[in-house]
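The paragraphs below lead through a single chain and its ligand, beginning at the metal and moving outward to the rest of the fold. It may help to keep the sequence and the model side by side while reading.

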Amino acid sequence: MPVAEQTWGSPVKASFLASSVGRKIVMAVTGVVLSVFVTVHMLGNLQAYMGATTMNAYAKFLQESLHGGGIWISRIVLLVVVLLHAWAALSLTLSNWSARPQGYRAQQLQAATLSSRTMRYTGVFLAGFIIYHLLHLTTGQAHPAFVHGDAYGNFVRGFQQPLASAVYIVAQLCLGLHLWHGVWSFTQTFGWSHPRYNIARRAIATVLAVLVAAVNLSFPISVLLGVIR
Ligand code: HEM
């Protein structure tokens with residue numbers, strides 16, 4: 001359907017968010033913000049390898065930046081970004097289902113990678129994981145021995161529970177798959193899909209996905225093995 005016809009209001013002037021191109025751009029821009037967030041968060045968490053003093057000082061710095069306002073600004077921005085990302089994904093999925101001709105799905109499955117085929121499932125799992133993660137390491141309701149202000153102790157005691165570590169391990173595998181196809185897709189939305197750039201796009205997607213997933217996987221595994229204690 002031509003973009004100009006996909007409007008909520010005027011049939012001539014296309015609404016940005018009603019068009020599939022507009023929703024793909026929302027998806028891509030929010031995807032970039034979330035990719036940057038998970039990368040920075042992963043780098044910040046590396047402080048766990050430097051011990052309790054370093055990690056707790058870093059957590060205190062995050063809590064107190066801009067007189068305590070910095071963390072709230074980031075929380076609100078992240079919440080809006082996650083909601084927009086989920087809304088764009090859901091509405092594009094529903095449009096695809098209603099527009100897809102018979103037989104197309106079989107063709108698409110042949111060409112798709114595991115990562116692209118599982119985007120919806122990994123996305124839904126990650127949404128659930130984020131809620132669990134906040135209740136586990138930020139507010140403490142899902143933590144067996146949470147102590148306010150002791151990010152390091154909460155991290156270690158949290159991952160000493162095999163079930164909690166298992167949830168994090170599955171979530172990081174989902175994150176790696178989701179990031180891999182996500183980076184590949186947003187670079188396509190931004191128009192970098194060209195034989196000349198495709199090798200670089202694939203390399204960036206692979207390095208980022210493997211790096212973030214591997215480093216994040218190392219946290220629960222290191223606690224379970226007693227490397228971090
Ligand atoms: C093994 C992987 C991860 C570890 C070890 C980890 C660790 C942590 C820790 C220790 C905190 C609390 C910091 C504090 O109390 O100051 C935290 C908060 C948070 N994490 Fe993670 N995280 C991981 C993965 C993720 C992922 C994949 C996401 C998002 C997709 C995420 C999103 C968040 C958010 C939104 C907060 C809340 C920040 C706040 O509002 O205070 N984390 N994480």
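In this predicted model, the iron atom of the ligand takes its protein donors from two histidines, His41 and His133, each through its NE2 atom, at 1.9 to 2.0 Å from the metal. The pair brings together distant parts of the chain, since His41 belongs to helix H1 (residues 20-45) and His133 to helix H6 (residues 119-138), with their positions 92 residues apart in sequence. Six donor atoms surround the iron atom, and the angles among them run from 86 to 180°, which gives an octahedral site. For six octahedral donors, the ideal angles at a metal are 90 or 180 degrees.

Both histidines also appear when the ligand is considered beyond its metal. The side chain of His41 has an N or O atom 2.8 Å from a nitrogen atom of the ligand, and for the side chain of His133 the corresponding distance, again to a nitrogen atom of the ligand, is 2.7 Å. Arg75 approaches an oxygen atom of the ligand instead, with an N or O atom of its side chain at 2.5 Å. As for its accessibility, His41 counts as partly exposed because its relative accessibility is 33%, a value that lies between the 20% limit for buried and the 50% limit for exposed residues.

How many residues surround the ligand, and which are the closest? The shell holds 22 residues, of which His41, Asn45, Arg75, His133 and Asn216 are the closest. Its composition is 14 nonpolar residues, seven polar residues and one charged residue. Several helices take part in building the shell: H1, H2 (52-64), H3 (69-99), H6, H7 (151-159), H8 and H9 (195-224) each contribute at least two residues, and H6 gives the most, with six.

One of the closest shell residues, Asn216, is located in helix H9. Asn216 has a relative accessibility of 13% and therefore counts as buried, the limit being under 20%. Setting aside residues up to four places away in sequence, Asn216 touches Met42, Gln172 and Leu175.

A further set of contacts can be followed from Ile169, a residue of helix H8 (residues 162-189). With residues within four places in sequence left aside, Ile169 is in contact with Leu217, Pro220 and Ile221. For Ile169 and Ile221, which are 52 residues apart along the chain, the C-alpha atoms are separated by 8.3 Å. Ile169 is partly exposed because its relative accessible area is 23%, whereas Ser91, at 14% relative accessibility, counts as buried. Ser91 lies in helix H3, and its side chain makes a polar contact of 3.1 Å with the side chain of Arg23.

These local details can finally be set against the chain as a whole. The secondary structure consists of nine helices and zero strands, so that the pattern read along the sequence is α-α-α-α-α-α-α-α-α. The chain has 229 residues, and 34% of them count as buried. Among contacts between residues at least 6 apart in sequence, 64% join residues at least 24 apart, and the two histidines at the iron atom, 92 residues apart, likewise link distant parts of the chain.

Note on methods
Residues numbered from 1 in each chain as written. Predicted model: local features only at pLDDT ≥ 70, side-chain atom pairs only at ≥ 80, totals over all residues. Heavy atoms only, no water. Donors = N, O, S within 2.8 Å, 3.2 Å for Na, K, Ca; no water. Tetrahedral: all angles 85-135°; square planar, octahedral: opposite > 155°, others 65-115°. Helix = DSSP H or I, 4+ residues; strand = E, 2+ residues; numbered from the N terminus. Buried < 20%, exposed > 50% of the residue type's maximum accessible area, 1.4 Å probe, protein only. Contact = heavy atoms within 4.5 Å. Near = heavy atom within 4 Å. Polar contact = N/O pair within 3.5 Å; in protein donor to acceptor, adjacent residues only side chain to side chain. Nonpolar A, V, L, I, M, F, W, Y, C, P; charged D, E, K, R; others polar.
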